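Dear colleague,

Please find below the structure that I am handing over to you. My notes on what was found in it follow, with each term explained where it first appears.

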Amino acid sequence: MQDYPEITPSFVTNVKRIVAEAAKFILAERKNFSDDKIEFKRYNDMVSYVDRESEQRLTQGFAALLPDSGFIREEGGDLRPEAAYRWIIDPLDGTTNFIHDMPAYCISVGLQYHGQTILGIVHDVPHGEVFLAIKGKGVWRDDQPIRVSSHSHLGAALLGTGFPHVRNDVMGDYLAAIREFLASCHGIRRFGAAALDLAYVACGRLDGFFEIGLSPWDVAAGALMVQEAGGMISDLQGGSDYLFGKQIVATNAALHPAMLQVIGKHLVE
């Protein structure tokens with residue numbers, strides 16, 4: 001297992017602090033938020049000054065903490081993409097939930113070293129839960145170690161997903177896959193924040209999760225959490241192109257073949 005000199009206990013404490021400060025800002029702004037502050041990047045893809053300000057605070061904090069590091073950001077784009085260390089930031093995952101005051105939104109931050117994710121944090125803003133993963137070291141919820149569930153059959157599984165609102169061309173196939181899952185599992189939940197879904201797989205609240213149309217900042221932190229918790233991550237074909245491939249399947253590992261089989265009938269060309 002490789003050690004990363006920068007990932008010290010004090011470094012991790014500072015990462016958590018920077019994220020917590022941004023979360024405090026988001027929560028405070030929610031109290032006075034109004035619809036006239038919403039902008040549309042494209043159909044059904046909303047953003048506000050809260051997303052942008054949160055991202056700016058996170059960028060400034062991480063740049064000071066790890067000088068010369070690069071960034072992949074949802075709102076601000078890439079910065080120093082050639083850097084050895086690179087932060088992948090979603091400053092407010094679940095913007096639609098935030099706008100409607102639905103308490104399912106979070107900050108998601110992954111840190112990569114030469115393209116490999118080595119640290120991930122997902123901060124559930126409304127509830128204050130903090131999920132943290134360090135590659136090769138484990139994953140925690142509020143400083144308590146967590147593991148994926150032990151369910152080995154779809155019949156005992158609770159799954160998560162998200163609807164591909166910018167991919168209407170595949171909606172029929174997507175709903176067909178959901179219909180088959182609904183006939184063979186305990187149920188499906190759609191929280192509207194992929195980073196939270198992945199954290200929930202890592203701690204066993206969900207047994208599996210799949211979605212298409214995602215971006216690196218949606219999945220970087222949560223994918224590491226699932227892996228460190230003993231789960232499995234892949235793209236829809238069972239390969240490794242989940243970070244930039246805009247699709248992901250995350251499970252407790254035992255359910256991975258069964259989920260890929262259902263997905264393969266409907267969503268894999």
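I begin with the interior. The largest nonpolar core has 37 residues, and those touching the most other members are Val122, Phe131, Leu198, Met225, Ile233 and Ile248. A nonpolar core is a set of buried Ala, Val, Leu, Ile, Met, Phe, Trp, Tyr and Cys residues joined through side-chain atoms within 4.5 Å. Buried means under 20% relative accessible area, exposed means over 50%, and partly exposed lies in between (1.4 Å probe, protein chains only). At least two residues of this core come from each of β8 (130-134), α5 (194-203), α6 and β15 (247-251). The greatest contribution is that of α5, with nine residues. Here helices (H or I, at least four residues) and strands (E, at least two) are DSSP runs, numbered from the N terminus. There is also a second, separate core of 34 residues, which includes Val12, Val50, Phe98 and Leu111.

Please note that this is a predicted model, in which local features need pLDDT of at least 70, side-chain atom pairs count only at pLDDT 80 or more, and totals for chains, interfaces and linings use all residues. Residues are numbered from 1 along each chain as its sequence is written, and side-chain values use heavy atoms, with hydrogens and water left out.

Phe131 shows how the core is joined. Apart from neighbours within four places in sequence, Phe131 is in contact (heavy atoms within 4.5 Å) with residues including Val122, Trp140, Tyr200 and Met225.

Next comes helix α6. This helix covers residues 216-228, and its 13 residues reach 18 Å from the first C-alpha to the last, close to the 18 Å expected at 1.5 Å a residue. The expected span is 1.5 Å times one less than the number of residues. Twelve of the 13 residues of α6 are buried, among them Trp217, Leu224, Met225 and Glu228. Just after the helix, Gly230 takes a positive phi of about 95°.

Which side chain of opposite charge is nearest to Glu228? It is Lys135, 5.1 Å away, and the buried Glu228 has no salt bridge. A salt bridge is a side-chain nitrogen of Lys or Arg within 4 Å of a carboxyl oxygen of Asp or Glu. For charge, Lys and Arg count as positive and Asp and Glu as negative, while His and the chain ends are not counted. Leaving aside neighbours within four places in sequence, the contacts of Glu228 include Ile134, Lys135, Val139 and Arg147.

Salt bridges do occur elsewhere, and the structure holds seven of them. One joins the side chains of Asp143 and Lys16 (3.1 Å, N to O). This pair links distant parts of the chain, 127 residues apart: Asp143 lies in the loop between β9 (138-141) and β10 (144-145), and Lys16 in helix α1 (residues 9-30). Asp143 is exposed, at 56% relative accessible area, whereas Lys16 is partly exposed, at 25%.

Glu21 and Arg17 form another salt bridge, with their closest N and O atoms 3.4 Å apart. Both lie in helix α1, four residues apart, about one turn of the helix. In helix α2 (residues 49-65), Glu53 and Arg57 are also four residues apart, so about one helical turn separates them. Their closest N and O atoms are 2.9 Å apart in a salt bridge. Glu53 is partly exposed, with a relative accessible area of 26%, and Arg57 is partly exposed at 38%. Finally, salt bridges that share partners join Glu129, Arg141 and Arg205 into one network.

Yours sincerely
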